[in-house]
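Here is a short set of exercises to work through with the model open beside you. Try each task before you read its solution.

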Amino acid sequence: MAKGHSFLSHKLHSLLGLFPIGLFLLFHLTANYQATRGAEAFNQTVGLIENVPFVLVLEFVFIYLPILFHAVYGLYIALQAKQNVGNFGYFRNQMFLWQRVTGVITLIFIVWHVWETRIQKAMGAHVDFDMMANILSSPAMIVFYTIGIISTTFHFSNGLWSFLVHWGITVGPRSQRIATFLTLGVFVVVTFIGLRAMSAFIL
């Protein structure tokens, strides 16, 4: 019974990492990328998002609660995990390790980012281009956000590879090797979008 519960929890953890958390990451970075078109374009995008009906309820149901479960169970997996030398080669074991490391870094980054933006909004601040420009006016924050973005995009991309394996989509060595190159491409593209968006706020 315990093994069955663990199996379902692991499946749910993997699924939530892609739907809806992964989709939200792509949406969030794409929205932030509008900053490359100028402050007005970014502020207009934020305004459209803020005007979505029941946006706070939607955020809790489809973003915060899934992230909370994914984070808590992910930490449990990280603490219980052992290297799978018998199942995967050296490269995949390194990816296995970095998935756990970036998971912790990403969690810290998300908590801080939510504090700096959504929590501050609840306390009366206005989320706009100037807010992000002010946050990234500090060199320390630029380094922190760079590490956070790269960690998040790696965790998402490598997690996508794991999702394909755990859900039986890539079962053989050849399909898993192809998935490695595809997810590497995803990592490069999504990381570029994230870092390019961040650079637009650095004045």
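The exercises below concern a predicted model, and each comes with a worked solution.

**Exercise 1. Salt bridges**

Task: Find out how many salt bridges there are, and which side chains they join into one network.

Solution.

Step 1. Begin with the cut-off: a side-chain nitrogen of Lys or Arg has to lie within 4 Å of a carboxyl oxygen of Asp or Glu. By this rule there are three salt bridges.

Step 2. Take Glu 50 and Arg 118. Their closest N and O atoms are 2.8 Å apart, which gives a salt bridge. Glu 50 belongs to helix α3 (residues 39-50) and Arg 118 to helix α5 (residues 90-122), so this pair ties together parts that are 68 residues apart in sequence.

Step 3. Stay with Glu 50 and look at Lys 121. These two also form a salt bridge, with 3.6 Å between the closest N and O atoms. Here too distant parts of the chain are linked, since Glu 50 sits in helix α3 and Lys 121 in helix α5, 71 residues apart.

Step 4. Return to Arg 118 and look for its bridge to Glu 59. The N to O distance in this salt bridge is 3.1 Å. Arg 118 in helix α5 is thereby linked to Glu 59 in helix α4 (residues 55-80), and the two are 59 residues apart.

Step 5. Put the pairs together. Through shared partners, the salt bridges join Glu 50, Glu 59, Arg 118 and Lys 121 into one network.

**Exercise 2. Buried or partly exposed?**

Task: Sort the four network residues by their relative accessible area: which are buried and which are partly exposed?

Solution.

Step 1. The class limits are needed here: buried means under 20%, exposed means over 50%, and partly exposed lies in between.

Step 2. Glu 50 has a relative accessible area of 23%, so it is partly exposed. Arg 118, with 21%, is partly exposed as well.

Step 3. Lys 121 reaches 33% relative accessibility, so it also counts as partly exposed.

Step 4. Glu 59 has a relative accessible area of 11%, so this residue is buried.

**Exercise 3. The second largest pocket**

Task: Describe the second largest pocket: what is its volume, and which residues line it?

Solution.

Step 1. The volume is about 180 Å³.

Step 2. Now list the lining. It is made of Glu 50, Val 55, Leu 56, Glu 59, Phe 60, Tyr 64, Val 114, Arg 118, Ile 119, Lys 121 and Ala 122. The elements that give two or more residues to this lining are α4 and α5.

Step 3. Sort the lining residues by type. Seven are nonpolar, none is polar and four are charged.

Step 4. Look back at the network from the first exercise. Glu 50, Glu 59, Arg 118 and Lys 121 make up that network, and the pocket lining includes Glu 50, Glu 59, Arg 118 and Lys 121.

**Exercise 4. Two residues of helix α5**

Task: Place His 113 and Arg 92 in the fold, and say what each one touches.

Solution.

Step 1. His 113 is part of helix α5. With 17% relative accessibility, His 113 counts as buried.

Step 2. Leaving out residues up to four places away in sequence, His 113 is in contact with His 28, Arg 118, Met 132 and Tyr 145.

Step 3. Arg 92 is also in helix α5, and at 12% relative accessibility Arg 92 counts as buried.

Step 4. With residues up to four places away again left out, Arg 92 touches Asn 158, Trp 161 and Thr 180.

**Exercise 5. Aromatic pairs**

Task: How many aromatic pairs does the structure hold, and what geometry do Phe 42 and Phe 201 show?

Solution.

Step 1. The structure holds 13 aromatic pairs.

Step 2. Phe 42 and Phe 201 are 5.0 Å apart, centre to centre, with 80° between the planes. Planes over 60 degrees apart count as edge-to-face, and this pair is edge-to-face.

Step 3. Phe 42 lies in helix α3 and Phe 201 in the segment after α8 (173-200), 159 residues apart, and the pair links these distant parts of the chain. Both rings belong to buried residues, with 4% relative accessibility for Phe 42 and 3% for Phe 201.

Step 4. Compare the rings of Phe 163 and Trp 167: their centres are 5.7 Å apart and their planes meet at 35°, so the pair is tilted. Phe 163 is buried at 9%, whereas Trp 167 is partly exposed at 36%.

Step 5. Finally, ring pairs link Phe 109, Trp 112, Phe 144 and Tyr 145 into a cluster.

Note on methods: Residues numbered from 1 in each chain as written. Predicted model: local features only at pLDDT ≥ 70, side-chain atom pairs only at ≥ 80, totals over all residues. Heavy atoms only, no water. Helix = DSSP H or I, 4+ residues; strand = E, 2+ residues; numbered from the N terminus. Buried < 20%, exposed > 50% of the residue type's maximum accessible area, 1.4 Å probe, protein only. 1 Å grid on protein atoms, 1.4 Å probe; cavity = no way out; pocket = protein on both sides within 12 Å on 5 of 7 lines; lining within 4 Å. Points joined across faces, edges and corners; volume = space filled by probe spheres on them. Nonpolar A, V, L, I, M, F, W, Y, C, P; charged D, E, K, R; others polar. Contact = heavy atoms within 4.5 Å. Phe/Tyr/Trp six-rings, centres within 6.5 Å; stacked < 30°, edge-to-face > 60°.
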